[in-house]
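Here is the note on the chain you sent, set out as numbered points for reading beside the structure.

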Amino acid sequence: ELTGEMNVLLAGLSERVRRLASRPGPEEESEAATESLEHVHRTFGLLEREVFATRLVPVETVFSRFRRLVRDLSLELGKEVDFAAVGAETTFDKSIVDELGEPLLHLVRNALDHGIERPAEREALGKPRRATLTLAARQASSLAEIAVLDDGAGIDLAKVRRKAAEMGIRAEELDDDAARDLVFLPAFSTRGGVSAISGRGVGLDVVKASVERLGGSVRVRSVPGRGTEFRLSFPLTLAVADAL
């Protein structure tokens with residue numbers, strides 16, 4: 001908050017110095033004032049970066065919770081699943097990391113329950129008995145990105161469209177990307193009953209709401225028979241809001 005206040009004060013001071021420098025008077029004084037102000041700006045920039053750095057924490061603090069969860073749930077479901085964490089050393093804003101647990105938990109449970117097949121089914125399809133569930137993190141430009149990937153069955157768009165029709169949605173007019181996004185609708189599920197593992201009567205709309213509350217977005221990509229990827233994108237830091 002204090003660095004934010006200093007930013008506002010520096011903006012006002014810069015404007016005052018600019019106006020003073022444009023008035024008639026000794027050129028040396030104008031140059032000295034401008035040079036001093038530039039020095040203050042540089043010093044403040046260093047302070048600001050240090051303050052932001054104190055907000056950054058490695059996403060490993062969240063990823064590490066899921067190793068045992070994946071092992072236990074896959075055994076409970078009769079599935080063989082390897083867990084992989086990629087980019088766990090990547091640092092994100094603490095306020096994002098603190099809120100990642102709930103949406104990631106739901107996506108991991110959903111992948112284990114709905115996405116990944118049982119070993120015999122995978123072998124029949126010519127796939128390795130053991131599936132892989134991956135949590136991946138990276139910084140892309142000004143975005144922090146988290147992906148949940150599995151090499152399971154993928155999203156069955158035919159089932160999605162049938163379910164949408166039951167809910168009164170004209171899904172036949174939607175392209176494949178828009179049809180996949182229907183999984184984020186409240187209470188949308190292609191499964192007949194409520195599962196104790198993934199949905200528990202709650203849909204992926206919870207994930208979308210959690211991510212959007214942080215100013216982020218969620219996208220889903222899927223290839224039938226090859227797997228599904230849910231990608232969460234957030235502003236790299238929530239410490240600063242640009243304002244006019």
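The points below concern a sheet and the helices that pack with it, as seen in a predicted model.

1. The sheet is an open one of five strands in the order S2-S4-S5-S7-S6, and its pairing is mixed. Strand S2 (81–86) and strand S6 (217–223) are the edge strands, each with a single partner strand, so one side of each is left without a neighbour in the sheet. From one strand to the next, the twist averages 15°.

2. At the S6 edge, S6 and strand S7 (residues 227–235) run antiparallel and are joined by seven bridges, with Arg 219 standing opposite Arg 231 in S7. Helix H10 (residues 205–213) packs on the sheet here, where it touches both S6 and S7, and its direction makes about 25° with that of S7.

3. Helix H4 (residues 66–77) lies across S2 and strand S4 (131–140), and it runs at about 165° to S2.

4. H4 also packs with helix H6 (residues 101–115): the two axes come within 10 Å and cross at roughly 30°. Because angles under 35 degrees count as roughly parallel, H4 is roughly parallel to H6. The crossing in which H4 passes H6 is right-handed.

5. On the H4 side of this contact are Phe 66, Leu 69, Val 70, Leu 73 and Leu 77, which meet a set of H6 residues including Leu 104, Leu 105, Val 108, Arg 109, Leu 112 and Asp 113. Sorted by class, the contact of H4 with H6 comprises nine nonpolar residues, one polar and two charged.

Methods. Residues are numbered from 1 along each chain as its sequence is written. This is a predicted model: local features need pLDDT of at least 70, side-chain atom pairs count only at pLDDT 80 or more; totals for chains, interfaces and linings use all residues. Side-chain values use heavy atoms; hydrogens and water are left out. Two strands pair if DSSP finds at least two bridges between them. Helices (H or I, at least four residues) and strands (E, at least two) are DSSP runs, numbered from the N terminus. Axes are lines fitted to C-alpha atoms, for helices over the stretch in contact, and angles run from 0 to 180 degrees between N-to-C directions. Contact means heavy atoms within 4.5 Å. Angles under 35 degrees count as roughly parallel, over 145 as roughly antiparallel, 65 to 115 as roughly perpendicular and the rest as oblique. A crossing is left-handed if the near helix is turned anticlockwise from the far one by less than a right angle, and right-handed if clockwise. Ala, Val, Leu, Ile, Met, Phe, Trp, Tyr, Cys and Pro count as nonpolar, Asp, Glu, Lys and Arg as charged, and the others, Gly among them, as polar.
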